[in-house]
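Subject: Structure handover and what was found in it

Dear colleague,

I am handing over the structure below, and I would be grateful if you could look through it before reading on. My notes on what was found follow directly after it.

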Amino acid sequence: MAKTQHKYKGFNLFFKALFDMHTNMSWRRDNNAVVAIGGNRLLMLMVCMGVFALLAQILLLREFLVVFFGNELTIGAVFSAWLVLIGAGSLLAAFLVARWSEEQLRALLVALLVLAAFFLPLQVWAIRVVRTALHVAYGEYVPFLSMLASLAAILAPGCLIIGIVFPCACRLAARNLSFAVSRVYALESLGSMAAGAAFSFWLVWVMNPLAVAALAGAFVLSGAAGLTVVRTFRWMLGLAALVFMILACCPVCLAPLERASVEQRWRSFGALPSSSSSPSASRLLAACDSRYQNLALIATEGQMTLYAGGQVMAVFPDAVTGEHKIHFIMAQKPDARRVLLIGGNPGNDIPELLKYPLEQLVHVELDEKIGRLLAPVATSAYAQALRDPRLVQVHVDAPRYVKQYSRGEGRFPFDAVLVDASEPATIALNRFYTQEFFRDICSILSSNGFLYTAVGASDDLQGETAFLSASIAKTLHAVFDRVLVTFGTQNKFFAGATNSPIILVRATLFRRSSGADLKTRYFRPEYFLSTDEISPDKLDFVERRLAAIPAPANSVLKPVSTFYQIALWSRFSGSGLESLLTRFARLRPGWMAGALLGFGVVCLGMGAVLGRRRHEVISVPARRSLGAGGSASVFYRSMLVLVMAATGLCGMALELILIFIFQSLLGYVYSKVGLIVAMFMLGLTLGAFGAPCFIRRGTCLRWCAMMGIEIMLIAEAACIPWLMTGLSSGLMPWIPWGWVEASIYGLIAGSGALVGVQFALVNELLKNAAPATPGRDTLASGQGIAAAITNAADLAGAALGALVVGVLLLPLFGITAACYLLAVLKVASLLCLLAAQRVIGVVKPCDA
């Protein structure tokens, strides 16, 4: 022990000197003062920390998704890096709380909170220029390893601070508060819940990203001001918090900085020149963050480019592309009367479609801010189209609109439905290519109507593009009687009933297009007579090639197209993950379930062997001596850590699955996604507040509660597929959609409550098994160390769940298999819990 203390002597002296001024001036020796300062102020600090953490997470995630062209892998990588780095901060804090005094920890927290407030705006700026630092060319994807390196470098300062704060706060609160960890955890979750709801319902509408960063900084500075006991410091930090709050609430103050940083982002993309000396140089006309995505409008020599989420969404005026695209599609039915356009390029598509003798054109676009950006720079043709009484614009989620329209009575069917959505890079975008969505479209088509959609491809249909196209083709064949696919770098799909007029015969399409007698500047019907897209030989090749590829149909329950899109992204970005993804695709859920159960059985056997060596029944007071060392002690604590990690993984995975189910059944209602996150945080809060009811009633009840939580998580994971299957297939039509929505909220809150209770219970068991720290308050030190380890385990499990479930399990195996694997994981976790109990022996009646 003397060697250990000598080893860290220099380290401790350095920080003691660093914080000497604060600690010598601040620490009040009388106990009443300590209670007044340490209790309520620490709890308020954790509320502020919860607000800061969630605002920072949402803000940085949105920024990363723009520069990395967010797909499911990007989202999983950002969440995983965020959680892993916070967990690393918690483990670092375990070292600090065991060796530092409370005076030093208090001074450290104040310094770290101040740094966090100033780091966040710098992190936003760093993200916006990261493509320049990585030397990524315009339009290219960032390789996966470069992405991970930049995530670690940019997120590390803030995440490590967030991770350090929680265990240190638990250590400081343990002296003054009973059940300190539960309270600290609950109030941090409460702050995150409030921040999530506020951002989704209010902040996203009224504040730019730098203003949100300033608001988060105001909260964390307020927490630092409440923590310090030096009046001068308190006034200085309070004044700094007030300045940050004024900057957040006054958009004019930060507008020049926001504009400069946004322009720097697009220079980093290569969309803006490094200098604007040339009069023909590209210019940023407008940029904003909507509730759904980042939008930017850039002008280059009279041509406008609209970017959504960092990628090109529309280029206009572009009459050449617009005319060829629309008139190629509409040659299938030039006499269509009612057309539904989902997504697309409104500046080009809408004017061209209105050249046909339509009675009504319905354009569904979720983000209404797109129209606001385009209106000031609209071409005369687009402006005239917007005034056309035949045009109906609908700003709702497209799958939700189609589902509701199909269930409406007395509504007229559509003669053509054009689905021009982004490719299925995420599970949310995958909904536009699922069997369920196509079935809903089929129900709103007229008897001779048709559906059009398209995905990127290659001429020879090799690799990941071939599997993506084959999956979409097989999905369409499962719904429609006839499906036709064109040749080329974009596979265009036309689908309809048996009597649908869809055809890819050159002469027929030429005759139909000529008979439409439309005035076009660049497109001519003679195009059909020579284009390779509908060459008979190449059409035959496409049909045979797609039929030979063993790709499954894409559905809500199994969004396999997202997996193929991730593999395609890996190839385009040069990440080299294709072989790894292929190996994962070969795995079978049964093998994984068997491995998990086998691991649990082995752990249970080891626990029985170690427990048999302990001849006496262990009383509760003696349990603290378990931390003295030895194989039994290490095994006992390892099992508890594994149980907490499995619960963190299961909680995160169930939240992701339930959000996905919410989107699939009720539409991508973004305003309610914030409420979903808030419900999970509410569950964490209630669970942490309720955990002391089990803790104070004795050891026996703690173990019973732990096992009950395991069983309830197993039951929830096993029941979700049954519920999803019944609702998506229409087997439960008597259940109102309002009840379905409420049920999903309840399941999410319930998952959070179970995670919150188990966090507090595992922390209590680890605290009792922790070794005493010489020279420190044993209770407070044990609380801090146990809180650090429990938090790190929870976050590590959640990080793994965010990456594995969203990227692999859901796309590859589907919701049903993913949920059953989660249930098996919790069965293995239950066996680990039983193994830990066997190690300490069977506790006699439920004594305290």
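A residue counts as buried here when its relative accessible area is under 20%, as exposed when that area is over 50%, and as partly exposed in between. Please keep in mind throughout that this is a predicted model.

To begin with the whole chain, the protein has 30 helices and eleven strands, and of its 848 residues 58% count as buried. Among the contacts in the chain with a separation of 6 or more, 78% are accounted for by residues 24 or more positions apart.

**Salt bridges**

A search of the whole structure finds 18 salt bridges, and I describe some of them here. One of them pairs R265 with E63, whose closest N and O atoms are 2.7 Å apart. This pair links distant parts of the chain, since R265 belongs to helix α12 (residues 251-269) and E63 to helix α4 (residues 31-67), with their positions 202 residues apart in the numbering. Both partners are buried: R265 has a relative accessible area of 1%, and E63 has one of 2%.

A further salt bridge is formed by R390 and D388, with the closest N and O atoms 3.0 Å apart. The two partners fall into separate classes of accessibility, because D388, at 17% relative accessibility, counts as buried, while R390, with a relative accessible area of 21%, is partly exposed; the boundary that separates them is the 20% given above.

D440 forms a salt bridge with K403, and here the closest N and O atoms are 3.4 Å apart. This pair, too, links distant parts of the chain, with D440 in helix α19 (residues 435-444) and K403 in helix α17 (residues 398-407), 37 residues apart. D440 is itself buried, with a relative accessible area of 15%. Salt bridges can also share partners, and in this structure such sharing joins E63, R128, E258 and R265 into one network.

**Two packed helices**

Helix α8 (residues 144-174) packs against helix α9 (residues 180-206) at an angle of about 135°, and the axes of the two helices are 9 Å apart. That angle makes α8 oblique to α9, and the crossing in which α8 passes α9 is right-handed. On the side of α8, the contact is made by F166, A169, C170, A173 and A174, and on the side of α9 by A180, V181, V184, Y185 and E188. Sorted by class, the residues in this contact are nine nonpolar, no polar and one charged.

**Two buried residues and their contacts**

V542 is placed in helix α22 (residues 536-548) and is buried, with a relative accessible area of 1%. Leaving aside its neighbours within four places in sequence, V542 is in contact with L461, V485, T486 and F487. V542 and A470 are 72 residues apart in sequence, and their C-alpha atoms are 9.6 Å apart in space.

Q332, by contrast with a helical position, lies in the loop between α13 (319-330) and β5 (338-343), and it is buried with a relative accessible area of 1%. When its neighbours within four places in sequence are left aside, Q332 is in contact with F450, F494, P501, I502, I503, L504, L509 and R512.

**Backbone details in loops**

A cis peptide bond joins F316 and P317, with omega at about -10°, and P317 is found in the loop between β4 (311-316) and α13.

Positive phi values in residues other than glycine may also be worth a look when you go through the backbone. H135 has a phi near 60°, which is a positive value in a residue other than glycine; H135 is in the loop between α7 (130-134) and α8 and counts as exposed at 72% relative accessibility. For D517, phi is near 55°, again a positive value in a residue other than glycine. D517 is found in the loop between α21 (506-516) and α22, and it is exposed, with a relative accessible area of 68%.

With kind regards

Notes: Residues numbered from 1 in each chain as written. Predicted model: local features only at pLDDT ≥ 70, side-chain atom pairs only at ≥ 80, totals over all residues. Heavy atoms only, no water. Salt bridge = Lys/Arg side-chain N within 4 Å of Asp/Glu carboxyl O. Helix = DSSP H or I, 4+ residues; strand = E, 2+ residues; numbered from the N terminus. Buried < 20%, exposed > 50% of the residue type's maximum accessible area, 1.4 Å probe, protein only. Axes fitted to C-alpha atoms, helices over the stretch in contact; angles between N-to-C directions. Parallel < 35°, antiparallel > 145°, perpendicular 65-115°, else oblique. Left-handed = near helix turned anticlockwise from the far one by under 90°. Contact = heavy atoms within 4.5 Å. Nonpolar A, V, L, I, M, F, W, Y, C, P; charged D, E, K, R; others polar.
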